[in-house]
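Q: Could you take me carefully through one part of this protein, namely its salt bridges? I would like to know which side chains meet, where along the chain they sit, and whether they are buried or exposed.

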Amino acid sequence: MVVAPFAAGILFADAVTIPLWLALLASVFTLVGVIALSKWWQNVAVLAMIFAIGSLLHGLSYRGDIPYDKPLSILLKVESSSAERKGYTSAEAKIKACDNSSIAGCRVVLWGDSLTRFCAGDHLRLTTTIRPFKSKQESYARLMHHRGFIGSVSVGRNTNYEYIPTERESLHDWAVGRLQRAVGEGDARATLLAMTIGERGEISNELRQNYSTSGASHLLAVSGLHIGIVFMLINIMLLPLLLLRYGNALRSVLAVALIWLYVWLCGLSPSAVRAAIMFSLLQFSLSSLRDYASVNILAGTAFVMLAFDTHLLFDISFQLSFVAVASIVLWGVPLYRLCRTRFAALNALTGTLIVGIVSTLATMPLVTNTFSVVAPIGILINPVVIALAYVVVMAGIVTLATPLVAPVAEFAVKLQNCVVEWAATLPYGHFEVAISDGVMWSIYAVFAVITIPIWLFVVKDERERDNEKTRFTK
């Protein structure tokens with residue numbers, strides 16, 4: 001109940017400009033109502049207070065003092081390696097220092113020509129101007145501002161700058177080098193790097209387009225799906241620990257540690273970190289064997305993350321991660337338990353198919369609304385490519401320890417690329433369809449109407465079983 005009014009407050013403050021003093025006054029007024037009113041009205045006041053606080057926090061995050069098109073002395077830290085675009089490259093960077101201290105800590109898009117490339121962790125010292133995003137691309141500009149980007153900076157052969165390369169190799173850089181040496185150049189290596197450790201600098205435009213039109217573009221960025229794959233496989237591998245005393249708790253601790261080690265390998269990208277936080281709390285909640293605890297923890301995690309950064313609500317990677325994880329918790333886990341057998345291999349295959357289908361269906365309205373593309377073929381090929389993704393991700397990770405496994409990873413990723421390329425060439429495999437926010441929210445409202453009654457029954461049934469166990473124990 002907390003996340004919904006908080007998110008509504010953020011959306012309201014984003015759509016309607018209200019004075020900060022008014023949002024603060026509303027927060028104080030509703031707080032007084034929480035203390036003074038009777039129980040029923042007290043609940044209403046709590047919801048109103050959460051709404052007001054969401055509006056207040058989002059209003060405080062607004063920046064209107066950005067010095068566009070003025071020469072600035074800036075020290076940039078590159079956050080992502082350069083990715084190839086059509087005739088140019090792009091990367092993400094953070095302003096570490098600036099003669100205008102008000103924008104220190106903000107992020108910019110770093111553009112370069114086709115010969116200019118940077119690696120994550122590099123530093124650039126230059127005098128340049130920050131350009132606002134083009135007004136013709138209002139939706140793009142709005143999205144980038146919500147992600148914390150204030151504008152763009154261009155760097156090329158004719159730009160004077162001091163290049164400060166990464167002084168020490170990070171775990172991510174080490175992993176990139178290991179995979180590059182183990183697999184030959186080409187689309188297979190580019191896909192393996194992107195899916196295994198989140199390095200997308202080698203992805204060509206054609207490969208990116210094939211994954212987009214086939215509805216499999218989510219595979220090229222380490223996020224909720226990839227962390228979910230690692231999450232499920234780790235739990236399967238650690239099943240023998242359940243035979244030990246306190247084995248359930250030990251499995252949860254080890255699983256969370258391994259999940260964060262994987263995120264470190266991926267360079268601690270924001271999408272991977274957000275997904276890891278969700279799955280870490282999900283891991284501990286699942287150890288309680290109560291599905292409704294997982295839902296509460298997932299909602300609580302989203303609330304805390306939004307409280308720290310209200311703009312996350314508009315970040316597509318956060319939205320996709322949250323929706324994917326929520327679909328796995330609400331539908332994937334119950335369906336997996338319903339279909340579970342005595343055969344571990346069959347359970348792994350069943351879990352793979354269930355995760356792929358529920359996450360694809362749940363995120364499809366959001367993907368269609370954001371990218372104006374719906375790919376029905378994605379529903380058909382996702383079970384196949386996600387099954388291959390298990391092999392690609394795990395074989396890629398093992399390749400970091402021993403290159404002997406590299407042929408397995410390379411074969412799986414080549415097969416996956418072939419499936420994606422075939423799906424992308426089908427005449428009716430995808431359609432360019434733009435759905436409005438209203439249509440998208442209507443679809444999710446239908447999902448909620450279907451899901452909520454089922455979950456109320458599940459929660460009631462689980463609590464009754466818990467009460468029976470308690471009475472039996474006594």
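A: What follows begins with the chain as a whole and then takes some of the salt bridges one pair at a time. The model is a predicted one, in which local features need pLDDT of at least 70 and side-chain atom pairs count only at pLDDT 80 or more, while totals for chains, interfaces and linings use all residues. Residues are numbered from 1 along each chain as its sequence is written, and side-chain values rest on heavy atoms, with hydrogens and water left out.

The protein chain has 16 helices and seven strands, where helices (H or I, at least four residues) and strands (E, at least two) are DSSP runs, numbered from the N terminus. Of its 474 residues, 45% count as buried; buried means under 20% relative accessible area, exposed means over 50%, and partly exposed lies in between (1.4 Å probe, protein chains only). If we take the contacts (heavy atoms within 4.5 Å) that have a separation of 6 or more, 71% of them are accounted for by residues 24 or more positions apart.

Against this background, the structure holds four salt bridges, each being a side-chain nitrogen of Lys or Arg within 4 Å of a carboxyl oxygen of Asp or Glu.

One of the four is formed by Glu92 and Arg107, whose closest N and O atoms are 2.8 Å apart. Glu92 belongs to strand E3 (residues 88-98) and Arg107 to strand E4 (residues 107-113), so this pair ties together parts that are 15 residues apart in sequence. As for their surroundings, Glu92 counts as partly exposed, at 21% relative accessibility, whereas Arg107, at 14%, counts as buried. In this pair, then, a partly exposed Glu92 meets a buried Arg107.

Another pair is made by Glu162 and Arg125, where the side chains meet with a distance of 3.4 Å from N to O. Here too strands are involved, since Glu162 is in strand E7 (residues 161-164) and Arg125 is in strand E5 (residues 123-128), and the bridge links distant parts of the chain that are 37 residues apart. Glu162 has 43% relative accessibility and counts as partly exposed, and Arg125, with 41%, also counts as partly exposed.

The pair of Arg189 and Glu202 takes us to a helix and a loop. Their side chains form a salt bridge in which N and O are 3.0 Å apart. Arg189 is part of helix H6 (residues 187-197), while Glu202 sits in the loop between H6 and helix H7 (205-213), so the bridge ties together parts that are 13 residues apart in sequence. Arg189 counts as buried, because its relative accessibility is 10%, but Glu202 is partly exposed, with a relative accessible area of 27%.

When you look for these pairs in the structure, it may help to keep their settings in mind: Glu92 and Arg107 connect E3 with E4, Glu162 and Arg125 connect E7 with E5, and Arg189 and Glu202 connect H6 with the loop between H6 and H7. The arginines to look for in the buried class include Arg107 and Arg189, while Arg125 is found in the partly exposed class.
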